[in-house]
Amino acid sequence: MSRRGDLQKNLFGGTTSNARQFGMIFTLIAIIAFFQIMTDGLTLTSGNMIALTQQYAYISILSIGMLMVIVAGHIDLSVGSVAAFTGIVVAKAISEHGLPWPAGIVLGLLVGALIGAWQGFWVAWIGVPAFIVTLAGMLLFRGGNQYIGNADTVPVPEGFRTIGAGYLPEVGPDTGYNNLTLLLGLALCAAVVWREWHARRVRQRMEGAEPAPLWVSAVRLAVMVGVILFATFRFAGGRVGTSFPVSGIILAVLVIAYSFYTRNTAGGRHIYAVGGNARAAELSGVQLRRVNFLVMTNMGILAALAGMIFVARSAASGPQDGLNWELDAIAAVFIGGAAVSGGLGTVSGSIVGGLVMAVLNNGLQLIGTGADMVQIIKGLFLLGAVALDVYNKKQGRFSVIGSLMRPFRREPPRTLARDTSTRETEFLPGR
């Protein structure tokens, strides 16, 4: 195969991967480049990148939980109200009842778990559709937020604000950058290099499998390490007192943990099985009620965490918190490649979808677009992106969603002739 063919096939890894699989990533890059030009370089400044991470970390956290809900074949309309309700409960407990703020965080997570379990009970054991349960929850917990807070704002103490407005601290010698952010970036580069090396070793040990050419691995590493280093120096080189946000650290930990869970554990695969074909999953031994209950409970916990991070960044909880958050989370998941019918989607895809919406929203604000037009453009972008992808998939053309989801799609059984006289066949399972 030519070097061009090797690069096209193996640049991003996988036996069937090519650059087209990462269409949404290229869309994100194109949007960043467009607004970088339109804003005279403001989009990729240190201050804007730090602010962007802080402003949209809570939406990305919501999108992780929403992905699992949608993959399981449900929808959750209550996440914004749950986040707002949890925020006011925690703010009241800390500010008016003297609860230490670390205990307040634990309280918030417990409140989110109880709310998620409540909604999960109706979905899993009573059989009420999640759409109806969470629509009721949206009204119930929005009213609860305003009732508990008396439609007023409740401030939170400085220590609690760290999870939403804090940064990695300044330590070590004066290098002109935030040293912890530099170390974090270098650690991430080392992890990327190790992952590439480990993947090559695994493929070398597999019978009949060949790793990508060494020069392709080198190109792939150069691209990924280059992007990481660029972002590292941007975050580390902000104004004094700022660096990589604590909320970004929380989001990164969640992305790693949930990516591992959905890809490498039986529980994660059960969620995809239920969303793909609930009846078949049940016949194969998957406990539907347990899966649905845990998915809704998990969504409640992540909604509570997102609400607390938002309150911490805003320094107070208010009656307008959480409005339309569920729409942003759902949009991020679908733009990131999830199937409307369930069964398909990835955590990383949802994060990319969230970044697309965040950069689009941020860029439109930077160029002075009115709030009304921002909403119109975001809505049209969401509709156009999904509609174009669905149309291309129906026409047999390249589909962003279809290609991003290819690792989760089972190939049809292949047949191998054993005996041409009897025409016996052997069915080989898909990957």
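The exercises below, each with a worked solution, concern a predicted model.

**Exercise 1. Overall make-up**

State how many helices and strands the protein chain has, and what share of its residues is buried.

Solution. The protein chain has 17 helices and 4 strands. Of its 431 residues, 46% are buried. A further step concerns contacts between residues at least 6 apart in sequence: 74% of these join residues at least 24 apart.

**Exercise 2. Packing of α8 and α9**

Describe how helix α8 and helix α9 are arranged, starting from the distance and angle between their axes.

Solution.

Step 1. Helix α8 covers residues 179-205 and helix α9 covers residues 214-236. Their axes come within 9 Å and cross at roughly 165 degrees.

Step 2. Angles over 145 degrees count as roughly antiparallel. The two helices, α8 and α9, are therefore roughly antiparallel to each other.

Step 3. The crossing of α8 and α9 is right-handed.

Step 4. On the α8 side, the residues in contact include L182, L186, V192, V193, E196 and R200. Their counterparts in α9 include L214, R220, L221, M224, I228 and F233. The residues of this contact divide into 15 nonpolar, 4 polar and 3 charged.

**Exercise 3. The nonpolar cores**

Identify the residues with the most contacts inside the largest nonpolar core, and the helix that gives this core its largest share.

Solution.

Step 1. The largest nonpolar core has 65 residues, and I61, L62, I64, M66 and F160 have the most contacts inside it.

Step 2. Helix α13 (residues 288-314) gives the largest share of this core, 14 residues.

Step 3. Take I61 as an example. Leaving aside residues up to four places away in sequence, I61 touches I250, L251, L254, L302, L305, A306 and I309.

Step 4. Another core lies apart from the largest one. This second core has 16 residues, among them Y56, A331, V352 and V356.

**Exercise 4. Two helix residues, T86 and L52**

Decide whether T86 and L52 are buried or exposed, and list what each touches beyond four places in sequence.

Solution.

Step 1. T86 lies in helix α4 (residues 79-97). Its relative accessible area is 0%, and the cut-off for buried is under 20%, so T86 is buried.

Step 2. The residues that T86 touches, not counting those up to four places away in sequence, are G108, V111, G112, I115, A304 and M308.

Step 3. L52 belongs to helix α3 (residues 46-71). With a relative accessible area of 16%, L52 also falls under the cut-off and is buried.

Step 4. With the same exclusion of residues up to four places away, L52 touches A358, V359 and N362. L52 and N362 are 310 residues apart in sequence, yet 7.4 Å apart in space, C-alpha to C-alpha.

**Exercise 5. Positive phi in a loop**

For N150 and A151, give the backbone angle phi, the place in the chain and the exposure.

Solution.

Step 1. N150 is not a glycine, but has a positive phi of about 55 degrees. A151, likewise not a glycine, also has a positive phi of about 55 degrees.

Step 2. N150 lies in the loop between α6 (130-149) and β1 (154-155). A151 is in the loop between α6 and β1 as well.

Step 3. Exposed means over 50% relative accessible area. N150, at 60%, therefore counts as exposed, and A151, at 52%, counts as exposed too.

Note on methods: Residues are numbered from 1 along each chain as its sequence is written. This is a predicted model: local features need pLDDT of at least 70, side-chain atom pairs count only at pLDDT 80 or more; totals for chains, interfaces and linings use all residues. Side-chain values use heavy atoms; hydrogens and water are left out. Axes are lines fitted to C-alpha atoms, for helices over the stretch in contact, and angles run from 0 to 180 degrees between N-to-C directions. Angles under 35 degrees count as roughly parallel, over 145 as roughly antiparallel, 65 to 115 as roughly perpendicular and the rest as oblique. A crossing is left-handed if the near helix is turned anticlockwise from the far one by less than a right angle, and right-handed if clockwise. Contact means heavy atoms within 4.5 Å. Ala, Val, Leu, Ile, Met, Phe, Trp, Tyr, Cys and Pro count as nonpolar, Asp, Glu, Lys and Arg as charged, and the others, Gly among them, as polar. Buried means under 20% relative accessible area, exposed over 50%, partly exposed in between (1.4 Å probe, protein chains only). A nonpolar core is a set of buried Ala, Val, Leu, Ile, Met, Phe, Trp, Tyr and Cys residues joined through side-chain atoms within 4.5 Å.
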